[in-house]
Amino acid sequence: MRVLVVEDEPHIAGAVERVLRAEGFGVDVAEDGKKGLLLARRNEYAVIVLDLMLPLRNGYDVCRALRAAEITTPVLVLTAKDGEYDEADALDLGADDYLTKPFSFVVLLARIRALLRRTAPQRLPVLTAGDLWLDPGAHRCGRGEKELPLTPREFGLLEYLLRHADTVASKSELLSEVWDAWFEGDPNIVEVYIGYLRRKVDVPFGRSAIETVRGVGYRLDGRGG
């Protein structure tokens, strides 16, 4: 599951991102409201963590635009504005929860989990390819009856490949969707994690579900290999 953090204070955005990644979430960060709204419209997120006082487009406007576009992703407002009218305005515009700064990361994670529980019936079902399966809600995967332990990054990569089974995903697409929308590290990290996945979901079972399409990217065989 991915979370969008829209926050213009770098130290807060970085801290929230680290905490969420440590809990197994994929995270995209936008430093202004315009970019946050663009990402929210383009991608599917489990939760949006939204500051109110943002450059280019404030959080109230972002929340209003999301709901006008019928984007129902839960929004957790995270802001230094602690007045009761500020909170009421945010909730009236479509926010689902409101947390003021300074805040506890324990409470932040609890609020996010609560929002996820509310939307649990809308979660996608278990993804399968032959006997390979992945349960996004329970964060579990396996082959047949054997459950496979994956790191959060491996899980996110396999989930993306399963959601797009039989379709070639380029390296840049995987970096954007599984790592970060503005990833600036070594792009060969994709090959490294593809290798990790193969050693866990394919090699022990004599399968070859994850295919390399030379010069293009990677594809997961919808039959499971």
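A disulfide here is a pair of cysteine sulfur atoms within 2.5 Å. I start my notes with that rule, and I keep in mind that this is a predicted model.

**Entry 1: cysteines**

How many disulfides does the rule give? I get a count of zero. In general, a disulfide is a covalent bond between the sulfur atoms of two cysteines. I then looked up the accessibility of two cysteines. Cys 63 has 2% relative accessibility, so I put Cys 63 down as buried. Cys 141 comes out at 1%, so Cys 141 goes down as buried too.

**Entry 2: the largest pocket**

Next I went for pockets. I noted a volume of about 870 Å³ for the largest one. Its lining takes in 31 residues, and those closest to the centre are Met 1, Arg 2, Glu 44, Tyr 45 and Ala 46. Which elements give two or more residues to this lining? I found α6 (152-163) and α7 (171-179). The top contributor is α6, with seven residues. Sorting the lining by class, I have 13 nonpolar, ten polar and eight charged residues.

**Entry 3: the second largest pocket**

The second largest pocket holds about 210 Å³ of space. I list twelve lining residues for this pocket, with Met 1, Glu 23, Phe 25, Leu 116 and Gly 137 nearest the centre. Met 1 is therefore a name I had already written down for the centre of the largest pocket. The class split for the second largest pocket is five nonpolar, three polar and four charged.

**Entry 4: salt bridges**

I moved on to charged pairs and logged 16 salt bridges in the structure. I followed up a few of them.

I began at Asp 61, which pairs with Arg 57 at 2.7 Å between the closest N and O atoms. Asp 61 also pairs with Arg 64, where the closest N and O atoms are 3.2 Å apart. How many residues separate Arg 64 from Asp 61 in helix α3? They sit three residues apart within α3 (residues 59-68), about one turn of the helix. How open are these side chains? I have Asp 61 at 24% relative accessible area, which makes Asp 61 partly exposed. Arg 57 is at 28% and is also partly exposed. Arg 64 reaches 42%, and the label for Arg 64 is again partly exposed because the exposed class only starts over 50%.

Then I checked Arg 219 and Glu 211. Their side chains meet in a salt bridge, 2.9 Å from N to O. Arg 219 has 28% relative accessibility and counts as partly exposed. Glu 211 comes in at 25%, so Glu 211 is partly exposed as well.

I also traced a network: salt bridges with shared partners join Asp 131, Arg 143, Asp 202 and Arg 207.

**Entry 5: Asp 202**

I took Asp 202 from that network for a closer look. Asp 202 belongs to helix α8 (residues 189-202). Is Asp 202 buried or exposed? At 2% relative accessibility, Asp 202 is buried, because the cut-off for that class is under 20%. Leaving out residues up to four places away in sequence, I find Asp 202 touching Arg 143, Leu 197, Arg 207, Ser 208, Ala 209 and Ile 210. Among these contacts, Arg 143 and Arg 207 are names I know from the network.

**Entry 6: Arg 41**

I looked up Arg 41 next and found it in helix α2 (residues 33-42). What does Arg 41 touch, not counting residues up to four places away in sequence? I wrote down Ala 65 and Ile 71. I also took the C-alpha to C-alpha distance from Arg 41 to Arg 153: 23 Å in space, with the two positions 112 residues apart in sequence.

**Entry 7: positive phi**

Last, I checked backbone angles. Leu 56 has phi near 70 degrees, which is positive in a residue other than glycine. I place Leu 56 in the loop between β3 (47-50) and α3. With 68% relative accessibility, Leu 56 counts as exposed.

Where is Glu 70? I find Glu 70 in the loop between α3 and β4 (75-79). Its phi is near 60 degrees, again a positive value outside glycine. Glu 70 has 69% relative accessibility, so I mark Glu 70 as exposed.

Definitions and conventions
Residues are numbered from 1 along each chain as its sequence is written. This is a predicted model: local features need pLDDT of at least 70, side-chain atom pairs count only at pLDDT 80 or more; totals for chains, interfaces and linings use all residues. Side-chain values use heavy atoms; hydrogens and water are left out. On a 1 Å grid over the protein atoms alone, a cavity is a set of points where a 1.4 Å probe fits but cannot get out, and a pocket is an open set with protein on both sides within 12 Å along at least five of seven lines; lining residues have an atom within 4 Å of a point. Grid points are joined across faces, edges and corners, and a volume is the space filled by probe spheres set on the points. Helices (H or I, at least four residues) and strands (E, at least two) are DSSP runs, numbered from the N terminus. Ala, Val, Leu, Ile, Met, Phe, Trp, Tyr, Cys and Pro count as nonpolar, Asp, Glu, Lys and Arg as charged, and the others, Gly among them, as polar. Buried means under 20% relative accessible area, exposed over 50%, partly exposed in between (1.4 Å probe, protein chains only). Contact means heavy atoms within 4.5 Å. A salt bridge is a side-chain nitrogen of Lys or Arg within 4 Å of a carboxyl oxygen of Asp or Glu.
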